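Q: Got a minute to go through this one with me? I'd like to start with the charges and then wander about a bit.

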Amino acid sequence: MSPDWNDLSNIDRLIHEPARLIIIATLYVVERADFLYLQGETGLTKGNLSSHLSKLEAGEYVEIEKTYQGKIPLTICRLTEAGRKAFEAYRLHMRQFVEKTTPE
Amino acid sequence: MQDEVKTAQQRARLYWYRDGISEIAFGVICLFLGLYFLILAVLPPGSLLASMLSIGMVFYILASGYITTKAVNAAKARLVYPRSGYVQLRPPPTRRRYLVALLAMLISGSVIALLSFTSAPISWIPAISGFIFAVVLAFLGYQNNLPRFYGLSVLALVIGIAVAISNLEQNLDLALFYTGIGVAIILSGLLVLRNYLKSTPLSGEELS
């Protein structure tokens, strides 16, 4: 049986991009994290991370709160409920696709 | 994918231990307990102050826990967040919290039953405390892949047994046990903190 390639075309492209996938996977396991922590965990540059976070925020998968710790600016990010559900759906989707395409 | 998520979870949990501050705080709580038992040992048995202290033990532990939590947050904000960032872990699921509470009650119940219904001498308490500390520390070491916790686990057992066989007066034995384990944990935490500060320079102002 040939795999249903349409399955893959329905994938959530906002999450599927590798850098955003790492950001979402990192945020998935924590309550919230700041920009510096995300940068250390993902290995992305400031500009890259900032740009991907903006896209995720626009897609309402991530909430960003700008605050201060003393005089140091702090950008706190957290996955929204929609982002959490989208990541879980993405994982399920990918797992099913891999199972379907794995030769027996 | 499941493994990657688990690895990310473990890394996030490990982040909590990488600077040694929480260990230092736990060691300080142990020192508070050591001080508590030392005061009890010094006070005349049955005195009003000793009775009040015995009753107030729960409040004493809660207060020392509250103060050290505040101190940990302040230290992390000053030393850790500007270096490696801020992260707040997800609270464990309610079922797991109930399980942990149940396990803690089972352990303390078993210890009380052991001491009440057997001829076990009271001097066993430091050894039993050492064993409980050893199990908890070994579990933390295993769960978070932290070898130094295995060392602390063995040390807790050794201190507990050493204090138990030295046959000290009641309360003085526990004072020595908690002081010993507290100092060991603080020293371990200070070493980790020193290495962390050396290896993790201050980050520049955050851009985003």
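A: Sure. For the charges, Lys and Arg count as positive and Asp and Glu as negative, with His and the chain ends left out. And keep in mind that this is a predicted model.

Q: Okay, so how far apart are the mean positions of the positive and negative charges in chain A?
A: They sit 6 Å apart, taken over 13 positive and 15 negative charges.

Q: What's the fold of chain A made of, in helices and strands?
A: You get 6 helices and 3 strands. Going along the sequence, the order is α-α-α-β-α-α-β-β-α.

Q: And what box do its C-alpha atoms fill?
A: Roughly 60 × 25 × 20 Å, along the principal axes.

Q: How much of chain A is buried?
A: 42% of its 104 residues count as buried. On the outside, chain A exposes about 5,800 Å², and carbon and sulfur atoms supply 53% of that.

Q: What about contacts between residues far apart in sequence?
A: Take the chain A contacts with a separation of 6 or more: 56% of them are between residues 24 or more positions apart.

Q: Switching to chain B. What are its elements?
A: Chain B has 8 helices and 1 strand. From the N terminus they run α-α-α-α-β-α-α-α-α.

Q: Same rundown for burial and surface there, please.
A: Of the 208 residues in chain B, 37% count as buried. The accessible surface of chain B is about 12,300 Å², with 71% of it belonging to carbon and sulfur atoms. As for contacts in chain B with a separation of 6 or more, residues 24 or more positions apart account for 75%.

Q: Let's talk cores. Which residues have the most contacts inside the largest nonpolar core?
A: A:Ile15, A:Leu27, A:Leu53 and A:Phe87, in a core of 45 residues. Helix α3 of chain A, residues 18-28, gives the largest share of this core, with 7 residues.

Q: Which residues does A:Leu53 touch?
A: Leaving out neighbours within four places in sequence, A:Leu53 is in contact with A:Ile23, A:Phe35, A:Leu38, A:Val62, A:Ile64 and A:Cys77.

Q: What other core is there?
A: There's a second, separate core of 23 residues, which includes B:Leu40, B:Phe149, B:Ala175 and B:Phe177.

Q: You listed A:Cys77 just now. Why does A:Cys77 count as buried?
A: Because its relative accessibility is 0%, and the cut-off for buried is under 20%. B:Cys30 is buried as well, with a relative accessible area of 2%.

Q: How many disulfides turn up in the whole structure?
A: The search finds 0 over all chains.

Q: New topic: backbone oddities. Which phi does A:Glu60 have?
A: A positive one, about 60°, although A:Glu60 is not a glycine. Its place is in the loop of chain A between α5 (46-58) and β2 (62-69).

Q: Is A:Glu60 buried or exposed?
A: Exposed, because its relative accessibility is 56% and the line for exposed is over 50%.

Q: And B:Asn171, what's its phi?
A: Positive again, about 80°, and B:Asn171 is not a glycine. You'll find B:Asn171 in the loop between α7 (147-165) and α8 (172-199) of chain B.

Q: Buried or exposed, that B:Asn171?
A: Buried, because 18% relative accessibility falls under the 20% cut-off.

Q: Now B:Leu31. Where does it lie?
A: In helix α2 of chain B, residues 21-42. B:Leu31 is partly exposed, at 30% relative accessibility. B:Leu31 and B:Asn171 are 140 residues apart in sequence, and their C-alpha atoms are 14 Å apart in space.

Q: Which residues is B:Leu31 in contact with?
A: Setting aside neighbours within four places in sequence, B:Leu31 is in contact with B:Tyr178, B:Thr179, B:Gly182, B:Val183 and B:Ile186.

Q: Last one. Where's B:Thr200?
A: In the segment after α8 of chain B. B:Thr200 counts as buried, at 10% relative accessibility.

Q: What does B:Thr200 touch?
A: B:Arg18, B:Arg83 and B:Ser84, not counting residues up to four places away in sequence. There's also a C-alpha separation of 15 Å between B:Thr200 and B:Ala75, which are 125 residues apart along the chain.

Methods
Residues numbered from 1 in each chain as written. Chains lettered and ligands numbered in written order. Predicted model: local features only at pLDDT ≥ 70, side-chain atom pairs only at ≥ 80, totals over all residues. Heavy atoms only, no water. Helix = DSSP H or I, 4+ residues; strand = E, 2+ residues; numbered from the N terminus. Buried < 20%, exposed > 50% of the residue type's maximum accessible area, 1.4 Å probe, protein only. Contact = heavy atoms within 4.5 Å. Areas by Shrake-Rupley, 256 points an atom, 1.4 Å probe, with all protein chains shown as cover. Charge placed at Lys NZ, Arg CZ, Asp CG, Glu CD. Disulfide = S-S within 2.5 Å. Core = buried A, V, L, I, M, F, W, Y, C linked by side-chain atoms within 4.5 Å.
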